[in-house]
Amino acid sequence: MSKVVVVTSGKGGVGKTTTSAAFAAALAVRGYKTVVIDFDVGLRNLDLVMGCERRVVYDLLNVIHGEGALNQALIKDKRVGNLYILPASQTRDKDALSNEGVGKVIEALRQSFEYIVCDSPAGIEKGAMSAMYFADEALVVTNPEISSVRDSDRIIGMLASKTQRAEQDSDPVNVHLVVTRYDPVRVERGDMLSADDVCEILAIPFLGVVPESKLVLAASNSGIPVTLAEDNDASEAYFDMVDRFLGEDVPYRFMDVQKKGFFSRFFGS
Amino acid sequence: MNLFDFFRPKKPKSASVAKERLQIIVSHERRRSSTPDFLPQLQTDILQVVRKYIQINENQIKLSLDKRGDCEVLELNISLSESGKP
């Protein structure tokens with residue numbers, strides 16, 4: 001049984017593409033045949049984050065319009081065997097995405113993939129709506145910051161009303177909260193919303209936090225999904241989330257301040 | 001927190017301010033998005049009917065749908081200004 005997972009947020013710049021790439025790569029590492037699709041038509045970036053920008057020949061819209069076959073458009077990752085990327089078109093208008101066309105591509109992908117990760121564009125326009133339309137599961141990526149939380153709440157409302165599952169009155173999309181750029185030190189100081197606060201306001205199941213990490217930028221600079229980069233906190237946090245997503249009981253990490261020594265406790269922060 | 005923070009006066013932390021503001025706006029927006037689509041149309045229709053008899057403008061008419069316990073209440077308020085009298 002294949003599953004369509006949309007990575008969405010409403011607000012831009014919160015880490016949707018980073019999360020899509022990291023999550024898809026981690027699913028593939030765990031042995032699942034996974035494809036990650038970029039829905040940001042006109043502003044594609046997943047190819048850069050995945051490090052395959054020079055291998056793009058055909059894209060999602062070419063496939064929808066029959067200008068290229070699906071297996072010509074799929075780019076096979078060179079690092080993990082069962083990971084594929086379907087890039088967005090850079091030249092066309094977002095309105096070119098139709099639910100009918102996207103539905104055909106998703107249906108074809110369901111035949112050969114276990115997980116289909118859809119990287120949504122920001123906003124609530126056509127691209128974002130078609131990225132979520134066929135979802136079985138949703139990762140709502142949120143920064144602990146007021147505008148991101150508010151936008152996430154709007155998106156959660158849309159996942160409950162504007163998806164195929166909602167229209168057909170079948171089981172609702174399973175939503176999961178992912179809090180990115182989390183800084184436990186600032187949370188403890190009272191300068192940042194805590195994961196508990198965000199959970200309480202959005203009232204959806206909590207998948208985990210990704211700690212603020214310099215290595216996230218370093219990984220995207222080099223075109224490596226953070227979960228395939230050298231060992232780092234963000235990568236471990238994403239693997240924890242993937243394991244929870246797959247049904248394992250993994251204790252939450254990276255939520256508390258690391259204990260400090262005697263001197264720094266008194267004289268520095 | 002270091003030793004010197006201990007002597008500073010306490011002011012409300014920005015995170016708790018953020019949480020409070022979010023709780024208010026989010027519950028407000030959830031209520032609004034759950035109101036049915038026909039409300040604005042109903043409001044214009046009522047406005048036209050009332051205008052047959054009394055001259056009022058759209059700001060004088062307020063229509064809202066609220067939940068009170070188990071029942072939903074459709075509330076219509078038409079305020080008549082001095083100039084609106086026939």
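**Close-up 1. Tyr182(A) and its bridge partner in β8(A).** In this predicted model, Tyr182(A) has Pro211(A) as its bridge partner in β8(A). Strand β7 of chain A covers residues 174-182. It is joined to β8(A) by 4 bridges, and the two strands run parallel.

**Close-up 2. The whole sheet of chain A.** The sheet is open and has 8 strands. Their order is β3-β4-β2-β5-β1-β6-β7-β8 in chain A. The pairing is mixed. At the edges stand β3 (75-76) and β8 (206-211) of chain A, each pairing on one side only. Strands of a sheet pair through backbone hydrogen bonds, parallel or antiparallel.

**Close-up 3. The hairpin between β3(A) and β4(A).** A hairpin of 6 residues links β3(A) to β4(A). These strands run antiparallel and share 2 bridges. Ile75(A) stands opposite Ile85(A) of β4(A).

**Close-up 4. Strand β4 of chain A, covered on both faces.** This strand spans residues 83-86. Leu83(A) and Ile85(A) lie on one side, and both are buried. Tyr84(A) and Leu86(A) lie on the other side, and they are buried too.

**Close-up 5. β2 beside β4 in chain A.** Strand β2 (residues 34-38) of chain A runs parallel to β4(A), with 4 bridges joining them. Val36(A) has Ile85(A) as its bridge partner in β4(A). Ile85(A) also faces Ile75(A).

**Close-up 6. Helix α7 of chain A across the sheet.** Helix α7 is made of residues 146-161. The helix lies across β1 (3-8), β6 (137-142) and β7 of chain A. Its direction makes an angle of about 165° with β6(A).

Definitions and conventions:
Residues numbered from 1 in each chain as written. Chains lettered and ligands numbered in written order. Predicted model: local features only at pLDDT ≥ 70, side-chain atom pairs only at ≥ 80, totals over all residues. Heavy atoms only, no water. Pairing = 2+ DSSP bridges. Contact = heavy atoms within 4.5 Å. Axes fitted to C-alpha atoms, helices over the stretch in contact; angles between N-to-C directions. Buried < 20%, exposed > 50% of the residue type's maximum accessible area, 1.4 Å probe, protein only.
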